[in-house]
Amino acid sequence: MFDKLSDRLGGVFDRLRGRGALNEQDVLLAMREVRVALLEADVALPVVKEFVDGVTQLAIGQQVLKSVAPGQQVVKIVNDALISILGGETSGLNLAVTPPAVIMMVGLQGSGKTTTTAKIAKRLKEKERKKVMMASLDVNRPAAQEQLEILGKQIDVATLPIVAGQLPVDIAKRAMQAAKLQAFDVLLLDTAGRLHVDTALMAEMKAIAEIGKPQETLLVVDSLTGQDAVNVAKNFSDEVNLTGIVLTRMDGDARGGAALSMRTVTGQPIKFAGVGEKMDALEEFNPERVAGRILGMGDVVGLVERASEIIQKDDADKLAAKMAKGQFDMDDLRSQLNQMTKMGGLGALAGMMPGMKKAKAAMAASGMDDKILLRMDAIISSMTKKERAKPELLNAKRKIRVANGSGTTVQEVNKVMKMHKEMSGAMKKIKKMGGLKGLAAMFGK
Ligand code: GDP
């Protein structure tokens with residue numbers, strides 16, 4: 001996400017941070033580079049101008065230039081300005097009405113609307129324990145209704161039974177009735193997309209909104225289309241009463257133009273970001289954290305959240321108990337590696353950690369990638385149960401057997417052993433410092 005933009009800005013700020021003193025000229029020069037970086041990222045021109053002007057004015061202030069770490073101060077000003085153009089605060093869904101709360105999903109064809117509908121349904125069901133129903137009103141695209149039905153089965157969320165030949169407005173009426181009768185908390189209406197914004201589409205949206213009285217009307221747009229996404233959003237928000245935007249395909253968006261321009265140009269908050277094709281690849285859009293990622297300051301909160309979603313509580317408890325005893329065997333190492341794979345692999349993790357952007361590039365350059373996680377897993381799988389519990393049993397002969405069994409080399413087996421040793425050493429240290437609680441205390445939590 002935002003890799004290109006982040007690299008460009010990272011370079012500018014590394015140079016600023018590296019200097020003890022700054023003068024006005026340095027700041028102006030840096031801001032010129034920021035401007036180019038934002039334009040290259042396909043950020044809308046008026047937004048770039050507003051951003052650069054605002055930041056420049058604050059940054060050339062005497063307090064900043066005369067401060068102890070002027071570079072850091074400038075970066076902070078940029079960070080705050082980024083948060084502000086990204087929308088300031090996180091704006092979640094507002095579903096506080098007499099149920100069913102209706103969420104109407106709108107957008108162009110192929111924007112990811114149906115996928116997003118299901119992702120939001122899953123999220124509401126799992127995170128907020130809502131009873132959710134989805135209904136597809138898309139009678140234009142062949143099999144659109146069936147697509148939603150299949151997704152519903154996959155995530156175990158009810159869908160309105162399909163009645164062939166029914167018109168969107170009638171489906172909406174039937175969905176409302178069903179949701180009321182069956183006491184659903186939330187009804188998601190997945191409306192038909194079009195190739196481009198046209199009057200027929202808008203008329204249909206309005207008719208459906210009339211019936212559904214949606215609490216939330218979310219526009220789904222593809223972030224990869226950059227300024228087009230922003231224009232589409234502007235057109236929609238002029239016509240229908242939007243309450244927010246969902247930007248999809250952020251996982252592939254290296255530039256970030258749509259995300260950065262959306263709020264200023266359309267006035268609409270981005271509520272969610274689609275970050276992959278899987279049903280749980282949806283994040284609440286948090287301006288503070290997104291700004292952190294863009295500036296390479298990492299997204300530690302996001303990292304921890306992702307980890308806590310994936311790591312089963314039982315496993316975490318078991319590991320904590322073992323750590324309390326200072327134990328950590330190969331099976332523990334393997335489960336750690338599996339969790340890393342589930343969290344999106346080394347690349348995804350590095351991208352979220354502060355200061356890891358460069359480590360990520362170095363990893364890529366040295367050919368270290370997620371295949372390594374798989375190879376390590378294969379190595380551990382080739383050990384016997386006893387060896388996994390007591391890695392010190394692995395002598396030269398056993399190592400050759402493990403290497404042959406896993407299709408790797410003794411060198412790689414040694415690397416896994418070393419990693420295990422380091423991690424178990426770290427666990428012992430944590431134990432000495434008073435366990436996880438002691439560690440948490442050190443971070444002031
Ligand atoms: P619709 O025509 O707007 O309903 O679009 P779909 O929901 O059918 O999505 C079109 C394609 O985009 C599908 O292959 C989805 O899996 C994919 N897609 C949707 N959201 C995302 C996302 O956030 N990231 C990625 N990588 N793919 C997505």
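## An annotated stretch

Let's start with a label from the databases: an unreviewed UniProt entry places the feature "domain: SRP54-type proteins GTP-binding" at residues 269-282. Keep in mind that the model you are looking at is predicted. In this model, the end C-alpha atoms of residues 269-282 lie 16 Å apart. The span is 43% strand and 0% helix.

## The sheet

Now for the sheet. It is open and built from 8 strands with mixed pairing, in the order 3-2-4-1-5-6-7-8. Strand 3 (158-159) and strand 8 (282-284) stand at the edges with a single partner strand each, so one side of each has no neighbour in the sheet.

Strand 7 covers residues 270-274 and pairs with strand 6, residues 244-248. The two run in the parallel sense, joined over 3 bridges. If you would like a place to look, find Val246, which stands opposite Phe272 in strand 7.

## A helix across the strands

Helix 6 spans residues 113-128. This helix lies across strand 1 (101-107), strand 2 (132-136), strand 4 (186-190) and strand 5 (216-222), as well as strand 6, strand 7 and strand 8. Relative to strand 4, helix 6 runs at about 170 degrees.

## Around the ligand

Which residues come nearest to the ligand? Of the 18 residues around the ligand, they are Gly112, Lys113, Thr114, Thr115 and Gly274. Helix 6 turns up here again: it gives the largest share of the shell, 3 residues.

Sorted by class, the shell around the ligand has 12 polar, 4 charged and 2 nonpolar residues.

Technical notes. Residues numbered from 1 in each chain as written. Predicted model: local features only at pLDDT ≥ 70, side-chain atom pairs only at ≥ 80, totals over all residues. Pairing = 2+ DSSP bridges. Helix = DSSP H or I, 4+ residues; strand = E, 2+ residues; numbered from the N terminus. Contact = placed C-beta atoms within 7 Å. Axes fitted to C-alpha atoms, helices over the stretch in contact; angles between N-to-C directions. Near = placed C-beta within 6 Å. Nonpolar A, V, L, I, M, F, W, Y, C, P; charged D, E, K, R; others polar. UniProt positions renumbered as here; feature names shortened; annotations may be inferred.
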